[in-house]
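Work through the exercises below with the model open. Each one has a task and then a stepwise solution.

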Amino acid sequence: MSNKKNTKKASDSEDEDFEEEEDGSEGSEEEDSAENSVKEEEDEDDNDENDIKEEDNADTKIEVKDENNDEEEEFKPSINGNKRKNDTSVEKAAGLVNAKQVKTSGGDAIKKPVQKQQDSDDEDDENSDIKWKYLEHHGVLFPDYWQKHNVRPRYDGKPFDLNLYQEEMATYWSQTLGTDWEHKPKYRENFSKQFLDTFGKDKSKLEFDKFDFTPIKTHLDEQREIRKNRSKEEKNQEKQKKEKLADFYAGAILDGFREKVGQFMIEPPTLFKGRGEHPKMGLMKGRIQPEAVVINIAKDAPVPKCSVPGHGWSEIVHKQDVTWLASYKDDSVKKQHKYIFLSAESKLKAENDKKKYEKARRLKNLIGQIRENYERKLRSSDPIDRQLGTATYLIDKLALRVGNEKSEEEADTVGCCSLRVEHIQVLDNSQIGFDFLGKDSMRYQNTVKVTEIVWKNMQAFTKNKKPQDDLFDRIDASSLNEYLKSQMEGLTAKVFRTYNASHTLQQELDKANQEGLDKMDLKDKLNFYDEANRNVAILCNHQKTVGKNFDVMVGKMEQRINIYKDYEKELHTHLNKCKKNGVNPYEKEVILEEKDDGKHKMFVKKFPGTKEKIQEAIEKIKKKIDEEQNKKQSKEKNKEIALGTSKTNYNDPRISVVWCKKWEVPVEKVFPKTLIAKFVWAMDTDLEWSF
DNA sequence: CAGACGACTTAGTACTTGGGGC
DNA sequence: GCCCCAAGTACTAAGTCGTCTG
């Protein structure tokens, strides 16, 4: 396997960087080949340094034996599927055994036993750090190199030449013109500095403000327009090409099963867009070269081909104790690791997911005892214990995150342990006010009534401190988790969020009986579900920003409702007239509203000629009013609440599955496709089950 | 033992899509 | 058939938490 080490750092020194790319030839040449890479991969396999021997090119179907997996679609990755058995004896898993042995050991379908396999997995504890025995995949996809469009910005009113890299940067900048980013001082500052730095010694002569990027912005808009107006065939072609690519890279084999890969495209360069007041926003995210990418596969799996000609992987590793297929470092904006994992619907992820909820259920069974314990700690004479007890109380009652330390290089956000005095207010009547920025700089604003002792503790923790001082100065995330571990094996702060969320959902949905759900129609049942979901989202503070035209949309809805209502009234008067005069002699149509272009009739009023028909029309419009009002209400209720996050990450899917079965609601109504796929393991939960 | 590192989950937003209303 | 919007998905940032290291 290749191991070329001519790596250059992504983008530490811009001068070097663009000089290297400046000669252009590299760029365009590679781009072409990158485009073709898929075809190449499949047809020819002989011109690459990662020359892989593909012993068996037949696209062997892999037999799926595990009954838990019978829903498994075979997506059709063209991996050289080796048939292999999925049930390998325990000793084979012992780690050092290489996959070759696994592969060649035993026939195919001798052992069936799903049950057995599960048992042996459980006993497998001493080997629990082994995540797979065999792993094979196609590596990762690289974004195209920059292709010059030669649209020049103006400088001091005159067209200004840029080299390849400068043009790339300038274009990323131009993409954000007209958005909020443009006006964030930090974004502008970071970008402009880095941009000017690319001019080396000339940079002192340049002022960023004298640049005018509107020509590039215009060009981008035009391009978008062109893209939008492509013919149907063109669009289709492109779609198919994309799908083909996806098929190729999205397929992996893990322990004899075809699995789908998650995000397999290396993150393309762009300007970093951090959340909140991130000090690094606007910096250039560097281009990742294959030389930075580590590939993780089984020892006897074919090495995936690197699709960038003339380049090779950094390293091929066989780490069985991790689940990632590929990883790379990207230090261009901040030190970080990126990974390519299997998708959420893979067995590996699903198992973890299930474990997470099982752990939360264990907490449920112990919560009484655990609460007693931290209540006691609240009154301890040891100040550390009082802080541990108080923090645990907040995590439990308010579903706060634990709050690890953060560096200066990130947005200033906090969680429980990192709360500062300035974030809380000790109020009258045993109340505490919270106001801080949590994960993703989402604001947590809440006033809560707490127990007497918690209130006293909180007050004590603020004593003699400056606003910027830590509220919990004697503990941190790891000491808190250590304490939690002493209460229950594997217990950490985040388990409380999972537990509280799922518990809340279960409780809310259990109210269905009192609410008389059986008499409701599907829409109302779903409203009921949403309401439960919403309570969880509120608990976890899952927010979304209100769309720019939220008010406009609501306004439109109101307008529509009013029009409908007016019409209803008119129908009533019409009906009365009809009653008086016997049969109405005429039927008229009035176009109530037209759009500016005169093309679109928004709403047509009709005044039918018979009493029956009028009555019908009244019923119809009443229903419409009702529907519209419901829509408006839920839109307003969900104004800044995101339901999706708790659905995907916090709510034990079995709760919803059982509820759906019980009330005859199709699961597809509460879970979109992707979540159904993610939660296959929960789909056949039986009615008796509860969280 | 603190801080860095590594792996994995959780998160909101930007973009795409598809289904209902005309 | 077209248009529009909401729902769904893709994307990647930002957390958590265990472990390694000096």
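**Exercise 1: The surface near strand B**

α9 contributes the most residues to the surface near DNA strand B, namely three. The model is a predicted one.

Task: Find which elements each supply at least two residues of this surface, and class its residues.

Solution.
1. Start with the helices: α9 (347–378), α13 (493–510) and α18 (644–649) each supply at least two residues.
2. Add the strands β12 (337–340) and β17 (601–607), which also pass that mark.
3. Now class the residues: 15 are charged, nine polar and seven nonpolar.
4. Pick out the nearest: of 31 residues around DNA strand B, these are H337, K349, K356, K439 and Y650.

**Exercise 2: Backbone or base on strand B**

Task: Decide which part of DNA strand B the side chains of K131, R401 and K439 each meet.

Solution.
1. Take K131: a polar side-chain atom sits 3.1 Å from a phosphate oxygen of DNA strand B.
2. Take R401: a side-chain N or O atom is 2.8 Å from a phosphate oxygen.
3. Take K439: here the partner is a base oxygen, at 2.6 Å.
4. Set these beside the total: sugar or phosphate makes up 85% of the strand B atoms within 4 Å of the protein.

**Exercise 3: Strand C**

Task: Describe the contacts of DNA strand C with V402, K406 and K556.

Solution.
1. The side chain of K406 places a polar atom 2.4 Å from a phosphate oxygen.
2. K556 also uses a side-chain N or O atom, at 3.3 Å from a phosphate oxygen.
3. V402 uses a polar backbone atom, 3.3 Å from a phosphate oxygen.
4. For strand C, sugar or phosphate accounts for 92% of the atoms within 4 Å of the protein.

How values were computed. Residues are numbered from 1 along each chain as its sequence is written. Chains are lettered from A and ligands numbered from 1 in the order in which they are written. This is a predicted model: local features need pLDDT of at least 70, side-chain atom pairs count only at pLDDT 80 or more; totals for chains, interfaces and linings use all residues. Side-chain values use heavy atoms; hydrogens and water are left out. A residue is near a molecule or strand if one of its heavy atoms lies within 4 Å of it. A polar contact is a pair of N or O atoms within 3.5 Å; within protein, one must be able to donate a hydrogen and the other to accept it, and residues adjacent in sequence count only if both atoms are side-chain atoms. Helices (H or I, at least four residues) and strands (E, at least two) are DSSP runs, numbered from the N terminus. Ala, Val, Leu, Ile, Met, Phe, Trp, Tyr, Cys and Pro count as nonpolar, Asp, Glu, Lys and Arg as charged, and the others, Gly among them, as polar.
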